[in-house]
Structure formats: C-alpha cells, structure tokens
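Okay, hi everyone, thanks for making time. I'd like to walk you through a structure that will be new to most of you, so let's get it up on the screen.

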Amino acid sequence: MQLGPFVLRRLALSVFVLFGLSIVIFIIARIVPGNPARLALGPRAPVEVVERLSRQMHLDKPVPEQYVLWVWGVLHGDFGNSLLTRRSVVQDIKEFFPATLELVILTAIFISVFGISLGVLSARYANTWFDNIVRVLSYLGIVTPGFAWAVIFMLIFGFVWRVFPTLGRLSDGLTAPPIITGLMTLDSLLAGRPDVAWDALKHLILPAAALAMGPMSQAARITRSSMAENQNKDYIASMIAYGVPERVVTRKYLLKPSLIPTTTVMALDIAATFGVAFLVELIFNYPGLSRYGIQAMLNKDVNAIVGVVMVLGVVFVTLNIVVDVFVAYLDPRIRLLGGGRA
C-alpha cells in the first residue's frame, strides 16, 4: 500500500472515531445530575429565567434532538455559548488553545531531544554508571506526577534561585504583542519584540519541564530497551563484521528501527499533555485550554466541556495519524501490509 492511500484510510477511520467521541461526551455532559441553566444563573434566579435559558440551550428537548441541533451548529462553526465566560465557546478556544499549544510544543521538544538522547547514550554505555544513573532518574521521573515536579521546580528555580518566572505568560510591565498566531513567543518575534519573546519563553520553561519529566523518562527507557534489543540482531552483527563504523551503524541502522516504539508512545504522551496539563497550568497560573476545561467541568458548563473534549479528540487523532505516517516511513512493511493502529 502506498503512503497516500494509507493516510486516506487513517483519515477515514478517524472520522468515525471523532463521531463516536462526540456522541459519548455529549450524552455524558447531558445526563450528569444538575441543571446547567440553574448552575449558570445561581440558586436565587427566578424559575422563569432558568426555563428561558434552558429553552435557549435546547435542554427542554430530548437528548437525540439536542445532539442533532448541536452537530448542526458545529458544522456551521458554532459550539454554543459558555455559561462560565458568557462568550462563544469557539472564541474561548481560540483564546486559550494557542497558550496550551505553545506550552505543549516546548514540552514536546524537551521530550524528543532529551528523552531520545538519554536513551541512546544509555544504550551506548549500557551497564555502566551512566546507564545506572539514567535508569534511576527515569524511574523517578515516571513515578512522580507532573504537578509534583511543577511545585519542585517552582520552589527551586522560582523562589530559591529565582532563575525563571513562575506565574502567567508574561511579566508585569511588558505589553503583549498583537495577536497573530496566538503563540506569544512567535507573535513577539513577528512584531519585532525579542525582549517580549524571551520573557514569554522563560515563562514556558518551568511548566514545560514539569510536564515533560514523565514522558521524557519513559521515552529514554523505551529507546534504551529497544536499542539494546536490536543490537543483538543479525544484521547489526553483520554490519560490524563488515567493518562499518560504529557511529554509522548506530545512527543509520540501529536508531531508525529502535525509534518506532519510542515514537508511538511519545506521540500519545504529547497528545495526552493537552488534557493532563490542567494542574500544572493552575500551579503556574497559566491561562491555557486545560485550565479552562477543568473550570468548565467544575461548573457543568456543558457547551464548553463538549467543545474542549472535541478539540482534544482532534489533537489525539491528528497526532495519531502523524505518528502512523512517521512509523510507516521508518518501517515500510507497515504501509505495505495496510497496517496502522485503529
């Protein structure tokens, strides 16, 4: 199977995944006890006002009819209005999603660069003191949750050494650049404000490092294990016997197949970061989509809940397709067999 049909097949399957996700999350958001209109207006709101808002939200209709009306609105770019912010959910997502995306991008860079590098070095110096140190640090990184790392990094680098700022996206006294992409660092560079870009980047380092510790440790362990397993393959022994330099064998023939399991797990970890970043964003007072989503859940803001979950679903599906294409590039047997994860 060529790469084009392989991607089309994955796209077609992803449409069904998103359709199923929309049904599940829509029903769950509707059947949770409590009237969203009453929660939005407060306990002292008159009954007729609550009923009017319920009609506006179509809560007086059967759930299947509510779902059809919601899908019709989504197809026209309307997720409804947020009961929490009193604005369009689409507008809220446009505001908060770029902040989380910027945080996740830096997190992904940390995971990819440091995770794979530590795994390669650990495999290269297997069963040495370096490998033992990386192994211990990896286990520590995996078992410690991201919010714990956030508190540790904030205390050490924000209050003891005062190396990095700890709250928000930008320091007081600096003016945010005009919104172009929503990414503070990129918009600052496009506006010719390198000082603002540098300050925004410093605000990202601690939360990104906290989010990256677990996935980075896991990527290092998987890379190390995969390379150690592939080192015993016959084709590697043949390359070394023919006198191919060890550096070439490692980079060209050993690392490439060893990255397949690492890439698969790493991509899913990066996608999951969008959903699990809420505690880190709360600790650093970072105005991202994850914090917005958890606030919507606490306030039973049904339109915002469904909108955030669908955005996260699209992110998962997109990264899943990207990693499938990358894995198919690394191992052509996958696309020739028409494989890939469902």
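Let's start at a kink: helix H9 bends by about 45 degrees at Met213. A proline, Pro215, follows within four residues of that bend. Before I go on, please keep in mind that this is a predicted model.

So how far apart are the end C-alpha atoms of H9? The helix runs over residues 194-230, which is 37 residues, and its ends are only 45 Å apart. A straight helix would reach 54 Å at 1.5 Å a residue, so to speak the ruler version, and H9 falls short of that.

And is H9 enclosed or out in the open? Well, 27 of its 37 residues are buried, so H9 is largely enclosed by the rest of the structure.

Okay, zooming out. What is the chain built from? We have 15 helices and zero strands. The C-alpha trace spans about 85 × 55 × 40 Å along its principal axes. Of the 342 residues in the chain, 44% are buried. If you take contacts between residues at least 6 apart in sequence, 70% of them join residues at least 24 apart.

On to the surface. The accessible area is about 18000 Å², and carbon and sulfur atoms account for 69% of that. As for charges, there are 29 positive and 21 negative ones, and their mean positions sit 4 Å apart.

Now, one residue I'd like you to find is Asp131, in helix H6, residues 129-143. Buried or exposed? Its relative accessibility is 0%, and buried means under 20%, so Asp131 counts as buried. Who does Asp131 touch? Leaving out residues up to four places away in sequence, its contacts are Ser122, Tyr125, Ala126, Arg221 and Arg224. Arg221 and Arg224 fall within residues 194-230, the stretch of our bent helix H9. By contrast, Ser88 is 43 residues from Asp131 along the chain, and their C-alpha atoms are separated by 52 Å.

Last stop, two loop residues. Arg162 has a positive phi of about 55 degrees, although it is not a glycine. You'll find Arg162 in the loop between helix H7 and helix H8, and at 65% relative accessibility it counts as exposed. Asn285 isn't a glycine either, and its phi is positive too, about 50 degrees. Asn285 is in the loop between helix H12 and helix H13, and with 40% relative accessibility it counts as partly exposed.

That's my tour, thanks for listening!

Note on methods. Residues are numbered from 1 along each chain as its sequence is written. This is a predicted model: local features need pLDDT of at least 70, side-chain atom pairs count only at pLDDT 80 or more; totals for chains, interfaces and linings use all residues. Side-chain values use heavy atoms; hydrogens and water are left out. The expected span of a helix is 1.5 Å times one less than its number of residues. The bend at a residue is the angle between axes fitted to the seven residues ending there and the seven starting there. Buried means under 20% relative accessible area, exposed over 50%, partly exposed in between (1.4 Å probe, protein chains only). Contact means heavy atoms within 4.5 Å. Accessible areas come from the Shrake-Rupley method with a 1.4 Å probe; for residues, only the protein chains shown count as cover. Lys and Arg count as positive and Asp and Glu as negative; His and the chain ends are not counted. The place of a charge is taken as NZ of Lys, CZ of Arg, CG of Asp or CD of Glu.
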